Amino acid sequence: MSTPIRVRFAPSPTGPLHIGGVRTALYNYLFARKMGGKMLLRIEDTDQNRFVPGAEDYILESLRWVGIQIDEGQGVGGPHGPYRQSERREIYQKEAQRLINEGKAYYAFDTAEELDAMRKRLEEANAPAAQYNAITRMQMRNSLTMKADEVRTRMDAGEPYVIRLKTPRKEEVRLNDLIRGWVNVHSSAIDDKVLLKSDGLPTYHLANIVDDHLMGITHVIRGEEWLPSAPLHVLLYRYLGWEDTMPQFAHLPLLLKPEGNGKLSKRDADLGGFPIFPLQWTDPTTGQVARGFREDGYLPEATINFLALLGWNPGTEQELFTMDELIASFDIAQVHKAGARFDIQKAQWFNHQYIRQHSDADLAPVVQQQAEKAGFVCSLEKAEKLAALLKGRVNFAHEIFTEAGTIFNAPTSYDEAIATAKWNDDAIRAVTAFRDALQSFDGEFLADNIKHTLSDAMQQAGIKQGKIMQAMRLALTGLGAGPDLMLTMEIIGKEETIERLEKAMATLKINV
C-alpha cells in the first residue's frame, strides 16, 4: 500500500485489561512493525457509567510490561489528539448532526418503558428480531414520525433524546475481512443503532468510525465479538462519505476455555487457578484482588510468545520467538478463524523455557527475596548458585527457593525406600571415607574440587562410585533424587556437608 500503515488499540477503561485484549494489542503491534507502520493507543471511555478509576493507568502499564511500544496516542501524544474519546465530544456531535442534516440519522425520544413495550409486542408477534429498525421506527416517537416543530419544541424543553442511524431497508452490505474473507449482510438485519446518547456522548459505533477516519487508521484488527457490528460500521463509512478510505478489517478468533467449549471468562480462570489479566488488579470499590501473569511469575517474553501462538501459526515447527522474530514472521493471513483454546500448561511450558534462558544473576534477586521472606540468610552469590542449580527444574523463578528446601534445611527424615535399598555397609564405608577426606580438604570448596575429592576417596576405599551415589544423596538431602549433588554440596558448604554426613551415619541403620 502507498498509504502508511496505521493501526490502533482502543481499550475501554472499565476494569483490568483482559489477556485477550493484550493479544489483540500484540497482533496490532506485530502487524504494524512488520509493515513498517505505526501503532496508536486510544482510550474509548464514552461509557461513563462503567468507567473505573485506575483502569487507564493499568492498561498503559500492561502494554509496557509485555514490551508493546506505542508510537502515538494516550500516554505518548501526537498530532491527532486528544486520544480519550470523552474529550472529543464536539467532534462526534458535529458528525452526528451532519448525518441528521443529510437525512441519514434521526432524533428519537422513546423512553425505556416504550422501548420495552415495543420489544414485547414484537416478541409476542413472533417477529424475526425484536429491534428498532426500518419497519418499527415508524411506530415510535422520533423525528421521522413527528412534525419538525414538535421535534424542536421537545428539544428546546430539554426532553432527553438520542440520535439513531437511519438504516436502509433493502441494501446489501459487504466487507472483505482479512481473516474471514467476504462477509455479506442484508441491511434488514441491521437495526437503527444509537449513535449519540442522551448525555451527548457517542456510542462505540459512531466514535470508533469517526476517530479511525480522522486518525488515519488503515487497518482495524480487533476481536471476533465485533464482527456482527462490522456491516453497520461499513454502512456508517458509506453514510459519512468515507467509504473510499475505509480501513481493512481483521476479526481475531476468540480465546476459548481450557476445555475448548466456550469463551474464556474470569470464572474459568478462578476455577482453574490461573490468571486472566496481565497484571494483578485490585478492585477500587470492593478491594478484591485478581491475579496477574506478572505477579504469578510469568516473564513478559514468555507471555508474549504464548499469546502470539493463540490463534496464529507461522507454518513452521518453531515455537520460541523473540519479539523481533515474531515481527519478522507475522502474517495476518495466517491467523486462524477458529477459536484458540487457552492452555495454561502451555503458558507454563513457555515460561520454563525462558527461565532456563535467563542468566543466574537475573534470577538471583527473586531467590534471595524468597529466602529472606522465609527467614533464611541468603547472599546474592548463593542465590545465583541456587539459580544455576535449579532453574532447569522449575516453571517460575519463585519456585527455585521452594526446590531448594533440602539446601536450606538439613534432613530431619530419610526416604525409607531408598534407605532400605541403598543404605548398606558399602554406603557407610563410602560416607565415612568421604567425610574423612573433606575434613582434611583445604582448597576452594567448589563443585569440581568436591567431585575430585569424592572420586579419590572412593578409589582409595575400593568402592565403585556409581553404586553409592544414591546413598550419598540420601545422607545429604534425605531424598533419593535431586539436582546436581556436587553443586548442592558447594552451596551447602564444607562444614554443613560434613555435619549432614555425620548425622546420617548416626541416624540411619542397616536393615537386616
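Arginine 435 has a relative accessibility of 16%, and because buried means under 20% relative accessible area, this residue counts as buried. Its side chain meets that of aspartate 436 in a salt bridge, with 2.7 Å from N to O. Aspartate 436, at 36% relative accessibility, counts as partly exposed, so in this predicted model the bridge joins a buried arginine to a partly exposed aspartate.

**The annotated span**

According to an unreviewed UniProt entry, residues 381–504 carry the annotation "domain: Aminoacyl-tRNA synthetase class I anticodon-binding". In the model, residues 381–504 are 71% helix and 0% strand, and the C-alpha atoms at the two ends of the span lie 28 Å apart.

**Salt bridges**

Side chains of opposite charge can pair when their charged atoms come close. A search of the whole structure finds 38 salt bridges, and three of them, including the one described above, are set out in the table with their N to O distances.

| Pair | N to O distance | Relative accessibility |
|---|---|---|
| Arginine 88 and aspartate 211 | 2.8 Å | 3% and 0% |
| Arginine 180 and glutamate 224 | 3.4 Å | 18% and 25% |
| Arginine 435 and aspartate 436 | 2.7 Å | 16% and 36% |

Where in the chain do arginine 88 and aspartate 211 lie? The salt bridge between arginine 88 and aspartate 211 links distant parts of the chain, for arginine 88 belongs to the loop between β3 (72–73) and α3, while aspartate 211 belongs to helix α6 (residues 204–214), 123 residues apart. Arginine 88 is buried, with a relative accessible area of 3%, and aspartate 211 is buried as well, at 0% relative accessibility. Both residues also take part in a network of salt bridges, in which Arg8, Arg42, Glu44, Arg88, Asp211 and Asp212 are linked.

The salt bridge between glutamate 224 and arginine 180 likewise links distant parts of the chain, with glutamate 224 in the loop between β9 (219–223) and α7 (230–239) and arginine 180 in the loop between β6 (172–177) and β7 (181–186), 44 residues apart. Here glutamate 224 counts as partly exposed, at 25% relative accessibility, whereas arginine 180 counts as buried, at 18%.

**A sheet of three strands**

The strands β4, β5 and β8 form an open sheet in the order β4-β5-β8, with antiparallel pairing. Because β4 and β8 stand at the edges and each has a single partner strand, one side of each is left without a neighbour in the sheet. Neighbouring strands of this sheet are turned against each other by 45 degrees on average, direction ignored.

Strand β4 (residues 105–108) is joined to β5 by four bridges, and within this pairing tyrosine 107 has isoleucine 163 as its bridge partner, while alanine 108 stands opposite valine 162. Helix α3 (residues 89–101) packs on the sheet and touches β4, β5 and β8, its direction making about 105 degrees with that of β4. On the other pairing, β5 meets strand β8 (residues 194–196) over two bridges, and arginine 164 stands opposite valine 194 in β8.

In a regular strand the side chains alternate between the two faces of the sheet. Are the residues on the two faces of β5 buried or exposed? Both faces of β5 (residues 162–165) are covered, since Val162 and Arg164 on one side and Ile163 and Leu165 on the other are all buried.

Methods
Residues are numbered from 1 along each chain as its sequence is written. This is a predicted model: local features need pLDDT of at least 70, side-chain atom pairs count only at pLDDT 80 or more; totals for chains, interfaces and linings use all residues. Side-chain values use heavy atoms; hydrogens and water are left out. UniProt positions are given in the numbering used here, feature names are shortened, and annotations may be inferred rather than shown by experiment. Buried means under 20% relative accessible area, exposed over 50%, partly exposed in between (1.4 Å probe, protein chains only). Two strands pair if DSSP finds at least two bridges between them. Axes are lines fitted to C-alpha atoms, for helices over the stretch in contact, and angles run from 0 to 180 degrees between N-to-C directions. Contact means heavy atoms within 4.5 Å. A salt bridge is a side-chain nitrogen of Lys or Arg within 4 Å of a carboxyl oxygen of Asp or Glu.
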